[in-house]
Amino acid sequence: MSPANEYKTLKEQLYKLTDMGNEQEEVCEYLDMIQHTKEELEALHELVYHMHTSKMTGEWEPFNKEIMIGDFDKSPEDEEYLRMMDRQEMIGDMYGFEDENKTHSVLANNPWSSRSSISGYDKLNKRSEMTMEGMVTHVGMNYSTATSEYGKIYIPRACGMNLPIGKYTNKKITMRARFQGFEGSRISAMPWRCLALIEVDYN
């Protein structure tokens, strides 16, 4: 079958599945048939295949093997890739969950009524600031980032992070940071904001 006829056949299948088709669509179909690219043809193949395999399902797609999202007739390499992506997503969720639990513990141990204007290690002041240690993960032109046992930390340029621009895994820092709120209740992307760098490992 020529690419043009193949494209036309796939389009007809798509119209049957979606109840599309009118005079304007017929004109567009003919133009697509004679002008489509190889990538568009492949994309149409995937769309029609997906609609055929999922037309008898509800919100969730069916499984014919062990539970894995979108598992129809994938090769072992595809299956391992999806498993790897699932593991990475779960690892990130797990770390986020642990970080939030640590922060909950700090807040529980520092109720508002017991706070003063002085902060320290594991000690929040009235402004929800405390001293903590972390590891630098990224240094950029305008800001840097770090991680700690309480979550990710935004470090403004004004704090004076004098490390070369780049990614890091072994640079330890001590800082005073302010809690910005839990996910869903804060405006900022990260839960902590550095106010001052106390010590930076420049070695």
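Which residues gather in a patch of negative charge on the surface? The legends below refer to a predicted model, and the first view addresses this question.

**View A. A patch of negative charge on the surface is formed by glutamate residues.** The residues gathered in this patch are Glu39, Glu40, Glu42 and Glu46. Glu39 belongs to helix α3, which spans residues 38-54. The relative accessibility of Glu39 is 57%, and Glu39 counts as exposed because this value is over the 50% cut-off.

**View B. Leu107 is shown in helix α4 with its contacts from elsewhere in the sequence.** Helix α4 covers residues 76-109 and includes Leu107. With a relative accessible area of 23%, Leu107 is partly exposed, because this value falls between the limits of 20% for buried and 50% for exposed residues. When neighbours within four places in sequence are left aside, Leu107 is in contact with Arg115, Leu124, Phe179 and Phe182. Between Leu107 and Asp122 the C-alpha to C-alpha distance is 9.2 Å, at a separation of 15 residues in sequence.

**View C. Thr174 is a buried residue of strand β5.** Strand β5 runs through residues 172-179 and contains Thr174. Thr174 has a relative accessibility of 8%; Thr174 therefore counts as buried, the cut-off being under 20%. Residues up to four places away in sequence are not counted among the contacts of Thr174 described here. On this basis, Thr174 touches Tyr121, Thr131, Met132 and Glu133, and also Leu197, Ile198 and Glu199.

Notes. Residues are numbered from 1 along each chain as its sequence is written. This is a predicted model: local features need pLDDT of at least 70, side-chain atom pairs count only at pLDDT 80 or more; totals for chains, interfaces and linings use all residues. Side-chain values use heavy atoms; hydrogens and water are left out. Helices (H or I, at least four residues) and strands (E, at least two) are DSSP runs, numbered from the N terminus. Buried means under 20% relative accessible area, exposed over 50%, partly exposed in between (1.4 Å probe, protein chains only). Contact means heavy atoms within 4.5 Å. Patches are made of residues with over 30% relative accessible area and no salt bridge: like charges are joined within 9 Å, nonpolar side chains (Val, Leu, Ile, Met, Phe, Trp, Tyr) within 5 Å. Accessible areas come from the Shrake-Rupley method with a 1.4 Å probe; for residues, only the protein chains shown count as cover. A salt bridge is a side-chain nitrogen of Lys or Arg within 4 Å of a carboxyl oxygen of Asp or Glu. Lys and Arg count as positive and Asp and Glu as negative; His and the chain ends are not counted. The place of a charge is taken as NZ of Lys, CZ of Arg, CG of Asp or CD of Glu.
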